[in-house]
Amino acid sequence: MEGLNFSLITTRPELFEYEGIFLTHYFTDNWENVQKFQARPDDILIATYPKAGTTWISYILDLLYFGGAEPERQTSVPIYMRVPFLESNFHKIPTGVDLANNLPTTPRLIKTHLPVQLVPKSFWEQNCKVVYVARNAKDNAVSYFHFERMNQSQPTPGDWNDYIQKFMDGKKVFGSWYDHVHGFWEKKQTYFNLHYMFFEDMVENTDHELERLSSFLNLSTSKEEREKVLNNVHFDAMRQNKMTNYSTIPNMIFSISPFMRKGKVGDWKNHFTVAQNEQFDKHYKVKMKNTTLKFRTEIS
Ligand code: A3P
């Protein structure tokens, strides 16, 4: 299968409030079908706030399930076709719902950025496994800023100072980072088929996270199998791999910023001024005061 064949969209979409969060029409145009989506008990939902490592975890899951069986899939099907983006409707390509409904695989791996309260009900009713990846707010904001600069299907990011303010206010596509990471953290307390992962742990020790993930999925992976996955999902390997680096999407202008940008913990230090950092920390403290959820903004 080839990459997406849609022409460059030059008009950036507007951001508007919808169902209590901020979205663009790319994610509301197929709303009813998304909400009515019929999950199957063996579907696996990959849920993230944008730029938390969605592509990385998608590729890990894809390799864990299908890496050995279908070599052709690895060389000719881009990751966004293997793992459909459920709520997306980019018009010139099938909707995320259609792509998901036509997936030939079992399990079906399905991606969403919707906050927990807007995830289609059938995933919970079918007790589907959910893999959530969260990333510390500062690096997440930096990554999202560069993504909005390069991706013409996102609203204009404005300058970095405006951007941080909008991020803090939750005025970003898919809403507030704070609400998103909390929503799934709270859900995990009562919904046991949810595996909550952190981008920082994945960077620090990918093998360990792979083991934990395999155990959650009830997959027995040998050390050799894991090593093979690890080699493929390394940042440099994914950056060079046309099936995982999004270079097949014309809307993303890599000369502005590549999709696989840095893949680091702590890059926020190269972006936040001392004043911005103080303001962000103050706001963060208030937003995160009643939670057991803790993030690392650096790793040693
Ligand atoms: P940066 O912009 O900080 O580099 P998403 O897939 O949710 O859009 O997330 C993209 C972010 O995850 C980017 O962060 C990207 O570089 C990072 N990423 C993707 N694959 C990675 C990998 N194998 N190792 C480390 N980071 C990775």
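A residue counts as buried when its relative accessible area is under 20%, and by that criterion both Y49 and F167 are buried in this predicted model. A search of the whole structure finds 35 aromatic pairs. In one of them, the ring centres of Y49 and F167 lie 6.2 Å apart with the planes at 85 degrees, so the pair is edge-to-face. This contact links distant parts of the chain, since Y49 belongs to the loop between β3 (44–48) and α2, whereas F167, 118 residues away, belongs to helix α8 (residues 160–169). The rings of F272 and F280 are likewise paired, and because their planes meet at 85 degrees, with centres 5.3 Å apart, this pair is edge-to-face. F272 counts as buried at 8% relative accessibility, and F280 is buried with a relative accessible area of 0%.

Helix α2 (residues 54–66) contains S58, which is buried at a relative accessible area of 3%. Leaving aside residues up to four places away in sequence, S58 touches I46, I79 and V83.

Helix α9 (residues 177–188) can be checked against its expected length: at 1.5 Å a residue, its 12 residues should span 16 Å, and its end C-alpha atoms are 17 Å apart, which agrees. At the start of α9, a side-chain oxygen of S176 comes within 3.1 Å of the backbone nitrogen of Y178. The buried residues of the helix are W177, Y178, H180, V181, H182, G183, F184 and W185. Two lysines are placed over aromatic rings: K187 lies over the face of W124, at 4.2 Å from the ring centre, while the charged end of K188 sits over the ring of W185, 5.5 Å from its centre.

Notes. Residues numbered from 1 in each chain as written. Predicted model: local features only at pLDDT ≥ 70, side-chain atom pairs only at ≥ 80, totals over all residues. Heavy atoms only, no water. Helix = DSSP H or I, 4+ residues; strand = E, 2+ residues; numbered from the N terminus. Expected span 1.5 Å × (residues − 1). Buried < 20%, exposed > 50% of the residue type's maximum accessible area, 1.4 Å probe, protein only. Polar contact = N/O pair within 3.5 Å; in protein donor to acceptor, adjacent residues only side chain to side chain. Contact = heavy atoms within 4.5 Å. Phe/Tyr/Trp six-rings, centres within 6.5 Å; stacked < 30°, edge-to-face > 60°. Lys NZ or Arg CZ within 6 Å of the ring centre and 35° of its normal.
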